[in-house]
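Q: I'm new to this one, so could you walk me through it while I look at it?

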Amino acid sequence: MDFEVKTVLDAKTLVDYQKIAGRTVLKKKTVLTRGALFLAGLLGLTICAIGVATSGANATVMLGTLLSGLCVALGAVWYNYTTWRVSRKTPSGLEQTFFFSEENLVAAAGERRVVHGYRDFVSLAESGEYFVLFLNVRSGYILPKSGFLKGTPERFGAFIEEKTGRTLAPAKL
């Protein structure tokens, strides 16, 4: 069976892609990074509070408080930060169309076409709104279930699992 899916990469789609990646292929790194930022920030804020209580406010304590607060804030908005990093390289509103045949996947954006064999994908994920096909932990394709022009999302899941030899990992947004 052939499938055709169209997507437009807007801010919401990019954030959702980062969340799905962070909860599947980048789960360990995301948990460790966010946890380390929160812990470092909270520890720094605690040390700064002790510094203010014992020696009063000074430039060092104020700088420590600022940096510690920044760590906590960055941990809280990690997905938005990673999305910002990715979106600098991806033009907003980029339209992509994906053509799935029995042999391969063709990803098209404007005049540019890229062909992938199904074994090129290292991981798959599925949320309520999307399928995500990962080429590696840093790149992949996000396919909105609402974007199917040919075929259905219900049949696509079984198709892509069979072709790649991989299982769709569930991902909640």
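A: Gladly; please keep in mind that this is a predicted model, and that the values below are computed from it.

Q: Okay, how many salt bridges does a search of the whole structure find?
A: The search gives 6 salt bridges. One of them pairs K6 with E95, whose closest N and O atoms are 3.1 Å apart.

Q: Where do K6 and E95 sit in the chain?
A: K6 belongs to strand β1 (residues 3-9) and E95 to strand β2, so this pair, 89 residues apart, links distant parts of the chain. K6 counts as partly exposed at 35% relative accessibility, and E95 is likewise partly exposed, with a relative accessible area of 43%.

Q: And which residue forms a salt bridge with D16?
A: That is K12, and the closest N and O atoms of the two are 2.5 Å apart. Both lie in helix α1 (residues 11-23), and because they are 4 residues apart there, about one helical turn separates them.

Q: Is D16 buried or exposed?
A: D16 counts as buried, at 7% relative accessibility, whereas K12 is partly exposed, with a relative accessible area of 45%.

Q: What joins K12, D16 and E129 into one network?
A: K12 also forms a salt bridge with E129, with the closest N and O atoms 3.3 Å apart. E129 is in the loop between β5 (123-126) and β6 (130-134), 117 residues from K12 in helix α1, which makes this another link between distant parts of the chain. Salt bridges that share partners thus join the three residues into one network.

Q: Switching topic: why is there no bond between the sulfurs of C48 and C71?
A: The closest cysteine sulfur to that of C48 is the one in C71, and at 11 Å it is too far away for a bond, because a disulfide needs the two sulfur atoms within 2.5 Å. The count of disulfides comes to 0. As for their surroundings, C48 is buried, with a relative accessible area of 10%, while C71 counts as partly exposed at 24% relative accessibility.

Q: What about the surface, which residues make the nonpolar patch?
A: L63, L66, L67 and L70 make a nonpolar surface patch of about 420 Å². Of these, L67 lies in helix α3 (residues 59-76) and counts as partly exposed, at 47% relative accessibility.

Q: And which residues gather in the patch of positive charge?
A: K29, R88, K89 and R138 gather there on the surface. R88 is placed in the loop between α4 (78-87) and β2 (94-100), and R88 is exposed, with a relative accessible area of 55%.

Terms used
Residues numbered from 1 in each chain as written. Predicted model: local features only at pLDDT ≥ 70, side-chain atom pairs only at ≥ 80, totals over all residues. Heavy atoms only, no water. Patch = residues over 30% accessible without salt bridge, like charges linked within 9 Å, V, L, I, M, F, W, Y side chains within 5 Å. Areas by Shrake-Rupley, 256 points an atom, 1.4 Å probe, with all protein chains shown as cover. Salt bridge = Lys/Arg side-chain N within 4 Å of Asp/Glu carboxyl O. Lys, Arg positive; Asp, Glu negative; His and termini not counted. Charge placed at Lys NZ, Arg CZ, Asp CG, Glu CD. Helix = DSSP H or I, 4+ residues; strand = E, 2+ residues; numbered from the N terminus. Buried < 20%, exposed > 50% of the residue type's maximum accessible area, 1.4 Å probe, protein only.
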